[in-house]
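Dear colleague,

I am passing on to you the structure shown below, together with some notes on what was found in it. Please read the notes with the structure open beside them.

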Amino acid sequence: MSLWSFGAQPSQLTTRTFRNAKSFVARIVSQSQADEVGAGDAIGAAIDEFNRHRWEYLTVRGSDITLVAGTSDYALPTPFKDPLSLVLVSPELRTLTYVPRGTWDPIVQRTAIGGTWFYTNFAQGLTNMVQLLDAPDAAGTMELRYYRPIAKPIEDTDVLDVLPGPMEVALLARAQVWVATWKGLRSERLMFMEGRAQKLFAEAKGDDVSHADWTPQLIPGRLWMRRPINADSVPGPWGW
């Protein structure tokens, strides 16, 4: 079963191949041999820049993750960029709250909070992991939605992993800036190309599926303060 859900469907992506994209990018220096001017490398560099942004069309619903009682760490899908949401499907339906890794350690140093309420992500070697707090006390499943990065083409027949229209144009424009920089084009023309590429990138973000930018979810204060830590817990300043 396809893992695509509320992001773009594969049929909605551009039909431009890597070979065609390289030829287009190379035209900026009037070269017919795209590989000689590094057009493929320029497209890769442009994709690296675009991957600093979280694109709504690249949101994916992953396969359900099987929970094991007493286990808090689980491997994430590949490729993976950032989490969007994590829902505990069973044994109890609940949306978990994301905690940035920088604030995770002070939380886990406390005793158990009773139930699985929070999650964070980290890298273990080359594997992306998700960590739950508390670890589930029974077997079950959870559903992950996440952002994936733009895939880099390898073969000439590979199709670019971008939407047609503003995003495709913006990516090629950024790649042309890289080629122009490497070939030492005049600074006036390079400045014009840089300004155009930035404008097109802004248009591509506006044309994305959703205009809502990603913001970290914070721990709900009322939920945190209301949950007893253990049998000897005392109320916080706002009560339970």
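Which order do the strands of the open sheet have? Before the reply, a word on the source: this is a predicted model, in which local features need pLDDT of at least 70 and side-chain atom pairs count only at pLDDT 80 or more, while totals for chains, interfaces and linings use all residues. Residues are numbered from 1 along each chain as its sequence is written, and side-chain values use heavy atoms, with hydrogens and water left out.

The open sheet has 4 strands in the order β3-β8-β7-β6, with mixed pairing. Its edge strands are β3 (73–75) and β6 (97–98), each of which pairs on one side only. Here two strands are said to pair if DSSP finds at least two bridges between them, and the elements themselves are DSSP runs numbered from the N terminus, with helices being H or I of at least four residues and strands being E of at least two. Counted in this way, the protein has 6 helices and 9 strands.

Going through the sheet from the β3 edge, β3 is joined by 3 bridges to strand β8 (residues 127–133), and the two run antiparallel; Ala75 has Met129 in β8 as its bridge partner. The pairing of β8 with β7 is also antiparallel and extends over 7 bridges, with Leu132 of β8 standing opposite Tyr119. These two strands form a hairpin with 2 residues between them, where Gly125 takes a positive phi near 65°. At the other edge, β6 and β7 pair in the parallel sense over 2 bridges, and Tyr98 stands opposite Tyr119 in β7. Strand β7 (residues 118–124) is mostly covered, since 5 of its 7 residues are buried, where buried means under 20% relative accessible area, exposed means over 50%, and partly exposed lies in between (1.4 Å probe, protein chains only).

Another set of pairings centres on strand β4. Strand β4 (residues 82–90) is joined to strand β9 (residues 140–147) by 7 bridges, and these strands run antiparallel. β4 also pairs with strand β5 (residues 94–95) in the antiparallel sense, over 2 bridges, and β4 and β5 form a hairpin with 3 residues between them. Val87 takes part in both pairings: its bridge partner in β9 is Glu143, and it stands opposite Thr95 in β5.

Turning to the helices, α2 (residues 39–50) has 12 residues that should span 16 Å at 1.5 Å a residue, and its end C-alpha atoms are indeed 16 Å apart; the expected span is 1.5 Å times one less than the number of residues. Of those 12 residues 9 are buried, so α2 is largely enclosed by the rest of the structure. Among the buried residues are Ile43, Ile47 and Phe50, and the buried residues of α2 pack against α1 (18–26), α4 and α5.

Helix α5 (residues 187–206) has 20 residues and reaches 29 Å from its first C-alpha to its last, close to the 28 Å expected. Its residues Met193, Ala197, Leu200 and Ala204 are buried. They cover an arc of only 70° around the axis, which puts them on the same side of α5, the arc being that of the directions from the helix axis to the C-beta atoms. The face turned away from this buried side carries the exposed residues Met191, Phe192 and Lys199. What covers the buried residues of α5 includes α4 (166–182).

One residue of helix α1 deserves a look, namely Lys22, which counts as buried at 7% relative accessibility. The C-alpha atoms of Lys22 and Ala175 are separated by 9.1 Å, although these residues are 153 residues apart along the chain.

For the protein as a whole, buried residues make up 40% of the 240 residues. Of the contacts with a separation of 6 or more, 71% are between residues 24 or more positions apart, a contact meaning heavy atoms within 4.5 Å.

With good wishes
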